[in-house]
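Reader: I should like a close look at one part of this model, namely a sheet and the helices that accompany it. Please describe the pairing of the strands, the packing of the helices and the surroundings of a selected residue.

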Amino acid sequence: MREHRSVSSDALILLHPDDNVLVTTRSLPEGATMTLDGQPLVLTGALPVGHKLARRTLAAGDKIFKYGVPIGSLLAPVARGEWVHMHNMTSDYLASHTRQSGNQTTSSSQESHS
Amino acid sequence: MNESVAPLQGFVRSDGRKGIRNVVVVAYLVECAHHVSRRIAQHFDDLDVHLIGFPGCFPNQYASRMMRALTTHPNVGAVLLVSLGCESMDRDALREHIAGSGRPVDLLVIQETGGTAATIAAGIEKVGAMRTELAGQSPVPMSLDELVVGTICGGSDGTSGITANPAVGRCFDHLVAEGTACVFEETGELIGCEDIMAERAVTPELGELIQACVAKAERYYRTMGFGSFAPGNADGGLTTLEEKSMGAYSKSGASPISGLIKPGDIPPSGGLYLLDVVPDGEPRFGFPNIADNAEIVEMIASGCHLTLFTTGRGSVVGSAISPVIKVCANPETYQRLSEDMDVNAGKILTGEASLDDVGEEIYQRVKAVAAGERSVSEALGHQEFILTYKSFEPIGPGCLPVRQV
C-alpha cells in the first residue's frame, strides 16, 4: 500500500545532523505531503528513491552536506523541499558525465549526416 | 551465536594457501586463441570450468604478473593454456610458473596443433583428464583467518551508501575481527575521502601513502576526461563523484587500515587493505578500470576467495575463479531483480531490518559460500573476466607496516 498524498515521516532520511539535504527512502509522487523538521512540506515534483531534496532554502555557491561532509556546490538557489541534483549542483572535484557526454566530441561531424 | 553453517573446507596449495573452489581454468594468451578456448570451456558446461585470458599481442609486465597470479590463485586446481603461437605472452614461463605450484598444467599452441577443430578436440581431452584428477582431491578444514574477501560496488545509486555499503562495512568489521584479510579498492571512487581514510592507517607513513594514492587517482581520471561516475549513478540520485565516494567508502567499515597493496600483492596477514587499482606513471593505456569486472579480477589476483558486490541500480555480474555475492541496496531494484541477488539490503530502507541485521546476514552468506554453497551469480553461470594493459611500480616498504617476516 502506497499513500498518494500524505506521506509518513519515514519517507525521508537525514543521514547526519549537519546535512542540508535529505534522501528519499522510496519513490514519492508530485504533491506528496510530509513533515520536514516539524513543518509541513508539499513536493513540487516526483522524486525517485535515493534522490536528495533541500532541507532549507539555499543559495547558489552553497556547499551541499550529506553524511556530514561536503559533496559539491550549488549552481543555483533552491527552495526548501526542492530536488537537488545535476541541474542545480556540481562536483568540487571532477565533473560528472551523462550518457550524452560521449557524443560531444563528434557531434559537429555527425551533424552533416543527420 | 554460531549458526548451523557447514565448517569451512579448502583445497591446500603448495604455497600454503587454501582454495574454497577447485576449478579448471582455460586461459587464452591472446584474443586470437579466445574462440578455441571458449569452445573448450563451453563443452563442459560446468560451473567449475572457467575461461580467462589476455587479449593483447604486445608484451606487458602487468598482464604477465596478473596471469601468473590468477592461474595460481588458491581457487584454481588445474590450468590449460591456449596460445595461437606468435603472441608476446611468455607461454613457457607461465607454464613453468604454474607447474612449479604443483598444479596440473598443459599448453596447446594452435599453430602447432592443427588449427581450430584439432585444438578444440585436444583441449577437451586435456580438460576432461584434469577434471578427473581434481575429482580425486579432498579438501581439508580451513578457518576464517585463511580467507581473503574483497568488496566492490557497481551500478551505485542514492541508496547504496545508506544500506548495502555500510552493511558490507559491518560484515568487514566482523571478518577482520576473525582474522580475515578484507580488501576494498577503487581509489578513483574514494576521491574526497582521502583525509578521513588516512586517519585510519596503522602508521602515519601509510596514511600519507594513502593520500598520495588518491591524489594520483584524481590526476589520472582528470587526464582521462571523466571521473569514475556512470550515467546510471545519476539516474539513481547520485550527483557528484565525492557523493558517490562517501557512499562507496562505507564498504570499508571501521577497522584500522593495515596496508596499501597493488593488483597481485597478497595481504600478508588478516586486516583491512586498500587496493590501488590506478596505474603509476603517465596515463598510457586508457581508463584504469573499464568496467567492474576488471576490478574484481584485480582483487582475485590479490588472493580474494570471494567478492561482496553491492549494487543499487542492479548489476547481475559474477566472475571467473572466485564467487561473487550480490548485495542489493535499493528495495525497488530488489523487487525487479531478486533472482540475481543474494542479500536484500533494501530492507533497511523499508524498515524491515537494521544495518546490523543485514551486516550479519552478509557475514553468514560469506561463511556459507566459502563452505561451498553456490552464490546466486555463480549458480547462474556468470563467469565474467576482463584483463587489459596497465603499468604499476612495486609497492614501497611503507605500504605494508604489518608485513610478516
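Author: The account below begins with the sheet of chain B and then turns to its helices, a proline and a neighbouring sheet.

This is a predicted model, in which local features require pLDDT of at least 70 and side-chain atom pairs pLDDT 80 or more, while totals for chains, interfaces and linings use all residues. Residues are numbered from 1 along each chain as its sequence is written, chains are lettered from A and ligands numbered from 1 in the order in which they are written, and side-chain values use heavy atoms, without hydrogens or water.

In chain B, 7 strands make up an open sheet with parallel pairing, in the order β10-β11-β9-β8-β12-β13-β14. Strands (E, at least two residues) and helices (H or I, at least four) are DSSP runs numbered from the N terminus, and two strands pair if DSSP finds at least two bridges between them. At the edges stand β10 (257–261) and β14 (343–344) of chain B, each of which pairs on one side only. Within the sheet, β8 (residues 148–153) and β12 (residues 306–311) of chain B run parallel and are joined by 5 bridges. Gly150(B) has Thr307(B) opposite in β12(B).

Helix α11(B) packs on this sheet, where α11(B) touches β8, β9 (181–185), β11, β12 and β13 (324–328) of chain B, and the direction of α11(B) makes about 165° with that of β8(B). Contact here means heavy atoms within 4.5 Å. Axes are lines fitted to C-alpha atoms, for helices over the stretch in contact, and angles run from 0 to 180 degrees between N-to-C directions. Another helix, α8 (residues 204–224) of chain B, lies across β10 and β11 (271–275) of chain B at about 45° to β10(B).

The pairing of α11(B) with a second helix deserves attention. Two packed helices are described by the angle between their axes and the distance between the axes. For α2 (residues 61–71) and α11 (residues 292–301) of chain B, the axes come within 9 Å and cross at roughly 65°. The crossing of α2(B) and α11(B) is left-handed, which means that the near helix is turned anticlockwise from the far one by less than a right angle (clockwise would be right-handed). From α2(B), Tyr62(B), Met66(B), Ala69(B) and Leu70(B) meet Val297(B), Glu298(B), Ile300(B) and Ala301(B) of α11(B). This contact between α2(B) and α11(B) comprises 7 nonpolar, no polar and 1 charged residues. Here Ala, Val, Leu, Ile, Met, Phe, Trp, Tyr, Cys and Pro count as nonpolar, Asp, Glu, Lys and Arg as charged, and the others, Gly among them, as polar.

Pro331(B) belongs to helix α12 (residues 331–337) of chain B. Pro331(B) is buried at a relative accessible area of 12%, where buried means under 20%, exposed over 50% and partly exposed in between (1.4 Å probe, protein chains only). Neighbours within four places in sequence aside, Pro331(B) is in contact with Gly346(B), Leu349(B) and Thr350(B).

Chain B also reaches a sheet of chain A: helix α10 (residues 241–249) of chain B lies across β6 and β7 of chain A, running at about 160° to β7(A). That open sheet has 3 strands in the order β6-β7-β9 (chain A), with antiparallel pairing. Its edges are β6 (63–66) and β9 (89–90) of chain A, each with a single partner strand, so one side of each has no neighbour in the sheet. Between β6(A) and β7 (residues 69–74) of chain A there are 3 bridges in the antiparallel sense, and Lys66(A) stands opposite Val69(A) in β7(A).
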